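Me: I am new to reading protein models and would like to know where the descriptive words come from. Could you take me through this one?

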Amino acid sequence: MAKITYITHDNQVHTVEVQNGLTVMEGAVQNDIPGIDADCGGGMACATCHVYIKEDWFDKLTMKEDGEEDMLDMAFEPKKNSRLSCQIIISDELDGLIVNIPSNQS
Amino acid sequence: MNKTDALIIGAGPTGLFTAHQLKIIGLDCEIVDNLDKIGGQCIELYPDKPIYDIPAVPECTGEELTNNLINQIKPFNIKFHLSERVDEVKKERDKWIVKTNNGTTFSTPNVIIAGGVGSFEPRKFPVKECEKFENKSILYSIKDKTIFEGKTVTIFGGGDSALDWAVELSKTSKINLVHRRDDFRGAQATVDKVQQLSKEGKINLFTKYQMTSIKGENKLESIEIKNDDKEIKNIKTDYALGFFGLIMQLGPIANWGLNIDKKTVEVDTEKFETNQKGIYAVGDICNYPGKLKLILSGFHEGALAARACFKLARPNEKYRFEFTTSSKTIKNRLGVKSD
């Protein structure tokens with residue numbers, strides 16, 4: 001279990017508890033947090049669950065798999081701290097993670 | 001005006017198998033899809049990725065699944081309308097009149113939406129002002145490459161489309177290629193070619209840059225790009241091309257008077273009919289309690305929607321359930337010999 005904070009582009013803060021083993025994307029979708037579309041359902045095939053990771057957290061996450069960076073090329077306004085939230089799996093270590101949701105997914 | 005018993009929107013696995021089910025029970029159908037090829041998400045998003053949960057198929061790729069489905073409906077000679085998006089669905093007496101963006105029209109008692117997550121559209125530049133020049137000097141696909149001759153063309157993207165066009169257009173145009181990182185995801189041979197053309201000065205390469213704004217009154221004049229270190233460059237250009245892949249948009253489906261919840265269409269689980277009589281939704285785009293977004297669910301939904309179509313297409317006949325193993329009528333439709 002980890003407390004994850006999602007901040008929408010209009011600065012609404014949603015903090016929810018997400019079970020270990022789920023992804024950051026699933027945590028948002030299951031809690032009706034707006035701004036994460038996840039069109040492909042978590043297959044790393046669409047780049048519509050794009051989030052920005054709060055700087056101090058970025059290096060603590062597991063490295064991007066091959067292909068995630070390719071998908072991020074297509075994301076809306078990708079930055080250095082961009083990730084696909086479907087590729088971040090929740091564990092106790094992620095308790096307190098903060099992610100920012102971009103204004104658009106397409 | 002094309003008359004058909006059922007019009008299927010979407011040529012993904014669910015649309016293809018729904019067509020099979022319609023033809024098996026003796027109904028006509030035609031299929032419209034916005035992509036230029038058959039297969040939907042399977043072919044556009046994961047042609048090479050293995051799928052493990054198709055019943056009786058331990059493993060197959062998106063492309064293999066598509067090809068098998070195409071083979072399965074081969075006996076029926078179904079008419080496909082590819083690269084066409086259904087824009088309008090309107091009721092006229094007891095028929096639905098369906099219009100595509102190319103002006104093709106259909107008259108049908110049954111419309112089956114098998115549209116996945118909507119239609120695939122090109123991803124666009126995030127800069128809002130780009131809309132002003134869209135389809136004029138800001139493009140997301142190329143129909144006539146001769147318009148670029150002797151012009152300056154700025155291409156954005158790091159995949160095969162961006163690289164292939166950069167190489168091709170560099171023969172007759174001045175090319176700027178802008179990409180958000182150093183790595184390109186296109187084929188290695190093309191990446192090498194681009195690097196070589198860059199050394200020869202035929203392609204100006206700007207890596208780690210992204211578009212921040214555009215300038216121009218009546219026509220595009222220049223583009224501002226910024227890199228990770230916040231260095232800004234202004235490049236003069238006649239055209240800007242964006243190749244960021246495709247995104248799924250619900251698009252015009254939202255305007256057909258259907259009950260829509262979170263980009264999905266509400267249906268019943270008997271006929272997979274929407275709140276509009278004669279319009280059904282099957283596959284990923286439909287929504288009902290317990291819905292699973294699996295290909296196998298789409299097959300089931302399509303089979304039931306096809307039976308529901310029978311009533312409206314053949315109001316004076318009674319649908320009779322038959323097995324393909326034993327029915328002579330079905331074997332005739334399939335063009336196979338019966339015992």
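Reply: Happily; this is a predicted model, and below we go through some terms used for chain A and then a pair of helices in chain B.

Me: What makes up chain A, and in what order do the elements come?

Reply: Chain A has three helices and five strands. Starting at the N terminus, they follow the order β-β-α-β-α-α-β-β.

Me: How do you know that the radius of gyration of chain A agrees with a compact globule?

Reply: For 106 residues, the globule rule gives a value near 13 Å, and chain A has 12 Å, so the two agree. The C-alpha atoms occupy a box of roughly 30 × 30 × 25 Å along the principal axes.

Me: What share of chain A counts as buried?

Reply: The share is 40% of the 106 residues. Here a residue is called buried if 20 or more other C-beta atoms lie within 10 Å of its own.

Me: Why are helices α1 and α3 of chain B called roughly parallel?

Reply: Their axes cross at roughly 15 degrees. Angles under 35 degrees count as roughly parallel, and therefore α1(B) and α3(B) earn that description. The axes come within 9 Å, and the crossing is left-handed.

Me: Which residues of α1(B) and α3(B) meet, and what classes are they?

Reply: B:Pro13, B:Leu16, B:Phe17 and B:His20 from α1(B) meet B:Leu65, B:Thr66, B:Leu69, B:Ile70 and B:Gln72 from α3(B). By class, this contact has six nonpolar, three polar and no charged residues.

Key. Residues numbered from 1 in each chain as written. Chains lettered and ligands numbered in written order. Predicted model: local features only at pLDDT ≥ 70, side-chain atom pairs only at ≥ 80, totals over all residues. Helix = DSSP H or I, 4+ residues; strand = E, 2+ residues; numbered from the N terminus. Rg over C-alpha atoms; globule rule 2.2 N^0.38 Å. Buried ≥ 20, exposed ≤ 12 C-beta atoms within 10 Å, placed from the backbone. Axes fitted to C-alpha atoms, helices over the stretch in contact; angles between N-to-C directions. Parallel < 35°, antiparallel > 145°, perpendicular 65-115°, else oblique. Left-handed = near helix turned anticlockwise from the far one by under 90°. Contact = placed C-beta atoms within 7 Å. Nonpolar A, V, L, I, M, F, W, Y, C, P; charged D, E, K, R; others polar.
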